[in-house]
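Visitor: I am new here and would like a close look at a single part. Could you take me through the aromatic rings, please?

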Amino acid sequence: MNELTVNQRKLFASLSTAKGRKASSLFLVEGIRAVSEMNAAMPGGMRDIIATNAWWEQHPGFPVSPGVNTFSAKKIDIDRISSLSTPQPVVATFAIPNIPVPASDEISAQLTVGLDDVQDPGNLGTIIRLCDWWGVRHLFCSAHTVDCYSPKVVQASMGALGRVSVHRVDLTSVIDDLKLHGTPICGTFMQGDDLLHSPLPSSGAMIILGNEGNGISPQIEAAVDRRLTIPSYAPADHVESLNVATACAVCLAMFRRNSTV
C-alpha cells in the first residue's frame, strides 16, 4: 500500500479537466459501485485505486489486479481529487481505451446512435446506459458533444461506458458512409412521422439525437432519411419537448420492438 503524495494527488485531481485526461490518458471513477462496475466492464483497465484507510479495512477482498497502484489517502486528499459534491471514500483511475471506429460495412446492419452536439454530461451518461441496456454497441458523438470521460458522464453511465464503444467522430462523414451501405438515417424532430405508429427499419439504422437547446443541426438534418417525432398527449402549452435522454429511451424501445437483429 502506497501513501499518496502531493504530486500524485494533483495528477488525479487534474482528471476532472479535459486537458488533464488528454495529458495522462486516464479518467477518474468515483464510489464503490461505479469503481466495481467499471472494473468488471474494463478488465485490466484500472491503473490506480485510492481510498481512505477505513475503506481499505472495510473492503479487504476488493479485487485489485496485479500492477494496479494502491494508495491510502486522507479524506481531505480524496475530497480534493473528487468532482462530486459529496465525495466518496474510494476513487480509481482507468486508462482511456483506444477504440477504433468500425468500418461502415461492419455496422450497416446494426442499430446505432448518433449524437449531434449533446452538451449535458448527465444526458450523455444516461444515453450510454440506455445503449448498453438496449444492446447498441456503437455510439457516435459529434466533435462538440461533451467528453464521454468527463467525471459526470462517467458517474451517470455507471459502468456502461466500459461496454459501449463511444466514438468521437465527424458525424456527417459517418452518416454519409452508412448511407452508401443503405443504412436508414432517422432523426428526432418536433414534426415528423409518429414514432409510435409508423413502420420502422427492422434491421440496421442510425438514430440521430440533437442538441438540448437547438435540436439537430441543419447540416445533419440534410442527411436524415426519416424524420420521426414522439407524439405528446399533453395539452399543447404544457410540455415544450422531451429531454434528449428520455427521447433516446423511447426511440430505442420502439426500434427494438420492431427489430430482427
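Visitor: Are Phe 12 and Phe 71 buried or exposed?

Guide: Happy to help! This is a predicted model, in which local features need pLDDT of at least 70 and side-chain atom pairs count only at pLDDT 80 or more, while totals for chains, interfaces and linings use all residues. Residues are numbered from 1 along each chain as its sequence is written, and side-chain values use heavy atoms, with hydrogens and water left out.

Phe 12 and Phe 71 are both buried; buried means under 20% relative accessible area, exposed over 50%, and partly exposed in between, with a 1.4 Å probe and protein chains only.

Now for the rings themselves. A pair of aromatic rings is described by the distance of the centres and the angle of the planes. Rings of Phe, Tyr and Trp (its six-membered ring) pair if their centres lie within 6.5 Å; planes under 30 degrees apart count as stacked, over 60 as edge-to-face and the rest as tilted. Searching the whole structure gives five aromatic pairs. In one of them, the ring centres of Phe 12 and Phe 71 are 5.8 Å apart and the planes stand at 65°, so this pair is edge-to-face. It joins distant parts of the chain, with Phe 12 in helix 1 (residues 6-13) and Phe 71 in strand 4 (residues 69-72), 59 residues apart. Helices (H or I, at least four residues) and strands (E, at least two) are DSSP runs, numbered from the N terminus.

Phe 27 and Tyr 149 make an aromatic pair too, this one tilted, with 4.9 Å from centre to centre and 40° between the planes. Here again distant parts of the chain are linked: Phe 27 belongs to strand 2 (residues 26-30), Tyr 149 to the loop between strand 7 and helix 8 (151-157), and 122 residues separate them. Phe 27 is buried because its relative accessible area is 0%, and Tyr 149, at 9% relative accessibility, counts as buried as well. Together with Phe 94, Phe 27 and Tyr 149 form one aromatic cluster.

Finally, a ring can have a charge for company. The charged end of Arg 227 sits over the ring of Phe 189, 3.9 Å from the ring centre. A charge sits over a ring if NZ of Lys or CZ of Arg is within 6 Å of the ring centre and within 35 degrees of the ring normal.
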